[in-house]
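User: Hi! I'm new to this one and could use a friendly walk through it. Could you pull it up for me?

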Amino acid sequence: MLSLALVAALCAPAERPVIAEVLYDPAGDDTGNEFVELYSSASAPVSLAGLRLEAGDGSGPGRWTLRWTGGTGDTLRRGERFLIGGAKLVPAPDAIITLDLQNGPDAVRLVWPHGAIEVLGWGALEFGEYFCGEAAADVASGFSLARVPDDAGTGSNATDFRAASPSPGRANQTRRNAAVVAGSLALDPEQPEVGAPALVRARIHNAGRDPIEAGAVTCIAFRDDFEIGTAAAAALAAGETLAVQISTVAAPEGRFELRLVLSMAGDEAAADDTLRAPARFGPGSLEITEIQFHPASGEGEWVEVRNRSGVALDLGGFTLADRADRGGALLTATVLMPESLAVLAQDRASLLATFPSLDTARVIAVQSWSALNNSDDDAGIADVVRLRERDGVPVARVEYSAAGLPAGFTRELAGGGFWTASSFAGGSPLAPPPVRPPLESALEIVPRRLRAGMPARIEWSIPWPARASVTIYDLEGARVTEAFTELSVTPRGERSWDARLPPGLYVAVLSAKPAGATVPLTATRAFRVEGTR
Amino acid sequence: MKGAIARVMVPAIVLAAFCGEVQAQDFAAAVPVMGEGALSLIEHGVAATPPGAAFEGGVVRWLGIDDFTTRSLAVSGRWRSLTGAAGLSATGGDEGWRSAGIASGYAGSNAGAALRAVFRQDAAPEAIETPLGRGAGLEAGTGAWIRPRPGLDVWASHPQIYMKGAAPPLNRGLETGIRLAGDGISAWLARRAAGGREARHRGGVALEFGTVASAWIEARDDPLRTGYGIEARSRLVAVAFALETHPVLGETARLSLAIGGAPGGP
């Protein structure tokens, strides 16, 4: 009984101002930045005259030292705050002193002239005189110990106080406050194509004590200073967080500062209403043009890029990553001229050994290369190659499929923005995709008269990219072999073919089906394999 | 005599049944089974030409490809049990070839056998050089049939036993087949062994409308496809047309016209 009475005696007395916030370990230099904030919820004004603020050293019993004593003119009315602290504080304290508080386990207390005492202790305190109920948790440097809500009085420091961003002279918890959750602002997709629809996504939080009614918060997205979309938020209970999205159109092309601003009548804290993040609409300064993800000659993986910015570009600081966005391999500083190609290499020395004629100045070693996958997932994607600027803004992103691609062949960006298989094993680092002349027909076998052991080439020209197969039949119409099966092809392309066929007349049939189509386009071409008996 | 022929032919057919494949190319006729005619005798070596002299011409449009239409013309003659035929053929244009064929053999009432040979010359000037000349090739083979009892025919054809020079457009090994006939209806089944691959098969049913007409349907595998045909005959003239579909490629259309001789066959 005596113990309970003692504990109760150390908590906030009724109808008196209370300790609302303590910053005992400011970020950086403590001098001039420490403070103790008092708050009054008493129904009548309370004089602070004779009130003593004492600091306690929790390492032993009875170690209290006076820090401040209230003057005759110091009075707190209901809802007011009284700030005691260093000269560097903003706003300026009502009483400027050097508190010199310890980082814990320690305590502060208010001793009223009539004998009532309120104690706030933090950390692993051993002696009961240093806390009320249970000591509050020690907080990290830069955070204050704040009473939430400001008039909380549960009878325990541990439940009344929590870590918070310092808010001297302001409420620890506002009544009405919508806030954007830090780090939650993003574009979806991350790098939308120019002119395509996009979403600005973020999470907002009701940081106040009162519920927020539906439609009260308007979320406004800005591209730099231009508004690009708005959305009204749903109702938010106190402490609740919800996701919001704002529809927009990704235009014009370029990098910008994406900004989300919350607007709500009566919002008591403007500082948490705005969030910024760098973003981009459309392609960045570098374009990925070829990907070697399964080298067959020991040259290591590599990615070819093109400077599409129109100006010389320093590649230093760009990062290269895979689908998991892990690694973030850093490129070394190299200036790439406009429209020039560069190869980002997993193993620069091995790549140069395999392709000794490459311009060494444009073969760039990448630190901490994330190995690219060689087999597709259920969605038909083997991996994703991502390029980012130093601050994480996306520059280029390519999903590729490994299906139907023999080891050594690359994925290469062909005309029209379509990706195809390289024409040759090993790919074509630092060389643009071959420009192919138009064909007279949809399918050609080159040469038309083959001889045993002679390499052949299958060329095609179709109206759209497609999944294509080429099947070989003999003159009788019997199926002989498949030249290739179900490959993703560009409208104009070619593929080398080792025609291991006995002499005779054959018919090649191209079957090409674009995405979503059910009936394929077919084209035939007769050719001869010559030989003697 | 019949017993002697059977003793020779049946083992030969069984032995040959596991060799290559056969399909008409230079002298193709419209009729599905080796019937009487100069074209069949030259193409397959199955000896059964009508008595006396006869002419036969054929046109085949292969798999819907215009560039490789075959046109052929042949003449045949039969004196007692000796039969023979000779013909010329042209396939395609600049990428095609020209052929000359000849066949001769024995044709009895219950069996027959013949030798056949075709000389082929590629039309393309860049054709391969061979010992016989640029783009020139020669092939020779044989065919035979027997009728062990009325209404049952068994045949075999191996037209490319010997080859020299430029390889032919189509490798043709051996085909063996059997046909059952009676009361105006007949059915046949043929097997073509394809070296290194599964054998190919075809089969069909034909209806005879007296001596003046017949119609048939036929199916084959690899890939599965069907065809049909019709033949009209008079005392001196026979016209046949056949069409075969293909699931991927175009249709193969065959037309043949025979003049002279008399209806009948193996």
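Analyst: Happy to; below we go through chain A, its sheet and cores, and the contact with chain B. One thing to keep in mind is that this is a predicted model.

User: Good to know. How many helices and strands does chain A have?

Analyst: Chain A has three helices and 40 strands.

User: And what share of its residues is buried?

Analyst: Chain A has 533 residues, and 41% of them count as buried. As for its contacts, if you take those between residues at least 6 apart in sequence, 60% join residues at least 24 apart.

User: Let's look at a sheet. In what order do the strands of the open one with β5 in chain A run?

Analyst: The order is β5-β4-β9-β10 in chain A, four strands with antiparallel pairing.

User: Which strands stand at the edges, and why is one side of each left without a neighbour?

Analyst: Those are β5 (64-69) and β10 (117-122) of chain A; each has a single partner strand, so one of its sides has no neighbour in the sheet. On average, neighbouring strands here are turned by 20 degrees against each other, ignoring direction.

User: How many bridges join β4 and β9 of chain A?

Analyst: Six bridges, in the antiparallel sense, between β4 (residues 52-57) and β9 (residues 106-111) of chain A. To pick out one pair, A55(A) has V108(A) in β9(A) as its bridge partner.

User: Switching topic: which residues touch the most other members in the largest nonpolar core?

Analyst: Those are L344(A), I364(A) and A508(A), in a core of 99 residues. Strand β39 (residues 504-513) of chain A gives the most to this core, seven residues. Domain 3 (286-421) and domain 4 (443-530) of chain A each supply at least three residues to the core.

User: What does I364(A) touch?

Analyst: Leaving out residues up to four places away in sequence, I364(A) touches L315(A), L331(A), T332(A), T334(A), A342(A), V343(A), L344(A) and A345(A). Apart from the largest core there is another one, of 42 residues, including L23(A), F35(A), Y39(A) and C132(A).

User: Last thing, chain B. How many of its residues are in contact with chain A?

Analyst: 28 residues of chain B are in contact with 23 residues of chain A. On chain B's side, strand β7 (residues 152-165) of chain B provides the largest share, three residues.

User: What classes of residue make up that side of chain B?

Analyst: The side of chain B that touches chain A has 15 nonpolar residues, along with seven polar and six charged ones.

Technical notes: Residues numbered from 1 in each chain as written. Chains lettered and ligands numbered in written order. Predicted model: local features only at pLDDT ≥ 70, side-chain atom pairs only at ≥ 80, totals over all residues. Helix = DSSP H or I, 4+ residues; strand = E, 2+ residues; numbered from the N terminus. Buried ≥ 20, exposed ≤ 12 C-beta atoms within 10 Å, placed from the backbone. Contact = placed C-beta atoms within 7 Å. Nonpolar A, V, L, I, M, F, W, Y, C, P; charged D, E, K, R; others polar. Pairing = 2+ DSSP bridges. Axes fitted to C-alpha atoms, helices over the stretch in contact; angles between N-to-C directions. Core = buried A, V, L, I, M, F, W, Y, C linked by C-beta atoms within 7 Å. Domains from an automatic or database assignment.
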